Structure formats: structure tokens, C-alpha cells
Amino acid sequence: MKLYLAPLEGITSYIYRKALYQCFDGFDKYFIPFIRAKQNLNFSGREKKDISPENNSGMYAVPQILSRNADDFLRTANQLKEYGYQEVNLNLGCPSKTVVTKGCGAGFLTRPDELEQFLDRIFSKTDMKISVKTRLGMEDAEEFPRLMEIYNRFPMEELIIHPRVQKDFYNNTPNLEAFGEALAISKNPVCYNGDIFSTDDFKRIQSHVECFMMGRGVLADPSLAREIRGGKAADQSDIRRFHDLLYHTYREEVSGDRNVLFKMKEIWFYLAPMFADSKKYAKKIKKSERCVVYESAVNELFANCRFTGTQSK
């Protein structure tokens with residue numbers, strides 16, 4: 001069994017990954033949110049921090065690349081190789097309209113012939129391991145058999161399938177029938193991604209595949225991978241330690257209260273439901289504009305709300 005942390009843009013940065021690794025771990029691979037491949041070879045300051053080996057120490061980290069241009073992809077992959085990476089991931093799953101309208105992410109799936117040429121070039125021109133994260137298509141799962149024909153032509157490290165189409169975003173339920181059909185015919189190792197929020201969710205999928213990628217479920221329960229492996233569920237002290245490590249690292253690495261709080265408020269969107277009767281305090285956290293006010297609201301929540309964890313463990 002292999003468990004992977006999904007790359008979630010703007011959330012699972014090196015700061016989040018390091019805190020998760022130090023407090024809970026449980027993952028075989030930590031995927032780095034996508035880098036946009038560009039014609040120039042210069043990574044942004046944020047990208048450099050996210051991929052730097054010292055910020056991923058102890059983890060098996062895999063950078064994800066977003067591109068529809070094979071040469072740009074190869075340049076970016078080769079530069080990542082200079083950082084010590086031996087594996088990269090191609091993003092063919094992002095449903096964001098700003099990404100899709102540029103023909104990247106899930107938007108690339110609408111041009112299978114062009115995608116096939118792209119894959120042919122990147123697999124023939126680099127010796128790096130390449131995994132692919134994909135959706136079933138843009139509009140309908142009937143698009144996926146054609147895509148699977150293409151994917152089966154190339155020696156992927158893994159094919160990570162999120163069994164929704166782009167128009168679903170994260171709504172509706174994952175199409176397990178389409179996933180099962182793909183699993184049966186895939187010539188590449190397959191990893192399942194989508195709606196694993198609890199150990200029960202994991203068990204429902206477990207009989208189908210041995211590799212799992214989790215994203216939003218981990219945001220809602222940072223100990224999820226540990227639990228799946230038979231470890232203990234997070235208690236309040238675990239979440240407090242995790243929060244404090246995240247918060248204080250953001251204070252050190254990010255300038256300005258507003259920017260720090262933007263990050264932490266997003267985290268609390270997922271963590272607050274772990275506490276009973278937390279709405280009043282979560283609202284205070286959301287409305288806070290200075291770190292001192294935020295800290296007071298967080299202390300009130302931990303002091304006054306009973307920790308319940310997530311449902312249906």
C-alpha cells in the first residue's frame with residue numbers, strides 16, 4: 001500500500017508539507033503543487049523555496065509541472081533534475097478555469113492528438129521518471145477510453161486518476177465504474193485520487209487498488225494517513241502542535257499579518273469542523289485582521305470547544 005499527499009495549489013506548500021511530515025507523516029510521496037513551465041529557466045522565489053532540498057528534507061517529494069508545451073516541460077524537468085529530483089509529475093487534472101482556458105491541466109484533455117505528441121516528446125527526451133495526474137475528460141467519462149489508449153503507449157511511473165471530469169470540479173461523486181475500467185486495461189501502475197476523507201472511505205476503495213492520493217481529506221484530518229496505516233487518530237494536542245508549527249513558520253517566512261492570516265484562515269476552513277460548537281470562534285478567526293486578534297480567537301477555540309475529530313472513522 002502506498003499513500004501520497006496531493007498537490008493543492010496555495011495550500012500544501014513546503015511549510016504545510018514540513019509541518020505535516022513532522023507532526024503526522026504517513027505518506028510515501030509528497031507532491032509539490034504545480035510549477036508553470038516557462039520559456040525562461042528562472043524559478044520564482046516562491047517556487048525555489050518550495051522545491052529546495054532543505055525544505056523537503058526527509059520526504060520523497062515530487063514536483064508537479066503544468067504545461068502544454070513539450071520543450072518548456074523538458075526545460076523545467078531538467079532544471080528540477082539539477083536540484084536532485086529524479087521524478088516529476090505532469091498535471092492533466094487541474095479543473096481551474098484560468099488553467100483550462102489556456103489549454104493546460106484538464107484543458108489539455110480536449111486535444112488528444114496534441115496530447116499524444118506532447119507525451120511522445122517528453123518521454124523520449126528525458127530519462128527522468130514521469131507520472132501523470134489526470135481526470136476522465138472535460139465533459140463526459142466517455143472521453144476517457146481514448147485517453148487511456150494514449151496513456152498506455154508511454155512508460156509512466158504512475159497514472160494517477162481522479163475519476164471526475166473537469167466540469168465536475170469537486171462536486172458529484174467519483175466515477176468508480178470508469179476508474180475500474182481504466183484500472184483493468186492500464187499498462188501503467190495506477191493510483192486512485194478522490195474523496196478519501198476517512199478510513200471508511202479508504203476501505204471502500206481499497207479492494208480496487210493499492211496506491212492512493214489524498215488531498216482535501218488530509219486538510220480536514222491531518223492524521224488521516226497515519227490512521228489508515230493503523231496509527232492513532234489526532235487528538236486536540238496533536239492539532240494544537242500542528243497548528244502552532246504552521247502558524248509560527250508562516251510568521252517567520254511570510255511578511256505581513258494579512259498574508260499570514262490568509263494562509264491560516266484557509267487551514268481553519270478545514271480544521272474547524274473537528275471541534276464541536278466552533279462556529280462562533282471560527283467566525284472570530286475569519287474576521288481577524290491582526291495576528292494578535294487571531295491568536296486570541298484560536299486560544300478561545302481550543303479552550304472552549306470540545307475536540308471531536310472527524311466523523312465516520
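This note goes through the barrel, its central strands, some helix packing and a few single residues of a predicted model.

1. The overall sheet. In this predicted model, a closed barrel is formed by 8 strands in the order β1-β2-β3-β4-β5-β6-β7-β8, and the pairing is parallel. On average, and with direction ignored, neighbouring strands of this sheet are turned by 30° against each other. As background for reading the strand pairs below, strands of a sheet pair through backbone hydrogen bonds, either parallel or antiparallel.

2. Strand β4 and its burial. Strand β4 covers residues 87–92 and is mostly covered, with 6 of its 6 residues counted as buried. The side chains alternate in direction: Glu 87, Asn 89 and Asn 91 point one way from β4, whereas Val 88, Leu 90 and Leu 92 point the other way, and all of them are buried. A reader looking at β4 will therefore find Glu 87, Asn 89 and Asn 91 among the buried residues, since buried means under 20% relative accessible area and all six residues of the strand are placed in that class.

3. The β3 side of β4. Strand β3, residues 61–66, pairs with β4 in the parallel sense over 2 bridges, and within this pairing Ile 65 has Leu 90 of β4 as its bridge partner. Between the two strands the chain passes through helix α3, residues 70–82, and the resulting β-α-β crossover from β3 to β4 is right-handed.

4. The β5 side of β4. Strand β5, residues 129–134, runs parallel to β4 and is joined to β4 by 6 bridges, with Asn 89 standing opposite Ser 131 of β5. Strand β5 also pairs with strand β6, residues 159–161, again in the parallel sense and over 3 bridges; here Val 132 has Leu 159 of β6 as its bridge partner.

5. Ser 131. What surrounds this residue of strand β5? Leaving out residues up to four places away in sequence, Ser 131 touches Phe 31, Glu 87, Val 88, Asn 89, Leu 90, Glu 157 and Glu 158. With a relative accessible area of 0%, Ser 131 is buried. The list of contacts includes Asn 89, the residue that stands opposite Ser 131 in the pairing of β4 with β5.

6. Helices α3 and α5. Two packed helices are described by the angle between their axes and the distance between the axes. For α3 and helix α5, residues 112–124, the packing angle is about 30° and the axes are 9 Å apart. Because angles under 35 degrees count as roughly parallel, α3 and α5 are roughly parallel to each other, and their crossing is right-handed. The contact is made by Ala 70, Asp 71, Phe 73 and Leu 74 on the α3 side, and by Phe 118, Arg 121 and Ile 122 on the α5 side.

7. Glu 116. Helix α5 also holds Glu 116, which counts as buried at 18% relative accessibility. Apart from neighbours within four places in sequence, Glu 116 is in contact with Arg 146, Ile 150, Arg 153 and Phe 154.

8. Helices lying across strands. Helix α1, residues 14–23, lies across β1 (2–5) and β2 (29–36), and runs at about 180° to β2. Helix α7, residues 176–185, lies across β6 and β7 (190–193), and runs at about 170° to β7.

9. Ser 96. Is this residue of the loop between β4 and α4 (97–100) buried or partly exposed? At 23% relative accessibility, Ser 96 counts as partly exposed. The C-alpha atoms of Ser 96 and Phe 169 are separated by 7.9 Å, although these residues are 73 residues apart along the chain.

10. Two residues with positive phi. Asn 172, in the loop between β6 and α7, has phi near 60°, a positive value in a residue other than glycine, and at 55% relative accessibility Asn 172 counts as exposed. Asp 277, in the loop between α12 (257–271) and α13 (279–287), has phi near 55°, again a positive value in a residue other than glycine, and at 71% relative accessibility Asp 277 counts as exposed.

Conventions
Residues are numbered from 1 along each chain as its sequence is written. This is a predicted model: local features need pLDDT of at least 70, side-chain atom pairs count only at pLDDT 80 or more; totals for chains, interfaces and linings use all residues. Side-chain values use heavy atoms; hydrogens and water are left out. Buried means under 20% relative accessible area, exposed over 50%, partly exposed in between (1.4 Å probe, protein chains only). Helices (H or I, at least four residues) and strands (E, at least two) are DSSP runs, numbered from the N terminus. Two strands pair if DSSP finds at least two bridges between them. A crossover is right-handed if, with the strands pointing away from the viewer, the path from the first strand over the helix to the second runs clockwise. Axes are lines fitted to C-alpha atoms, for helices over the stretch in contact, and angles run from 0 to 180 degrees between N-to-C directions. Angles under 35 degrees count as roughly parallel, over 145 as roughly antiparallel, 65 to 115 as roughly perpendicular and the rest as oblique. A crossing is left-handed if the near helix is turned anticlockwise from the far one by less than a right angle, and right-handed if clockwise. Contact means heavy atoms within 4.5 Å.
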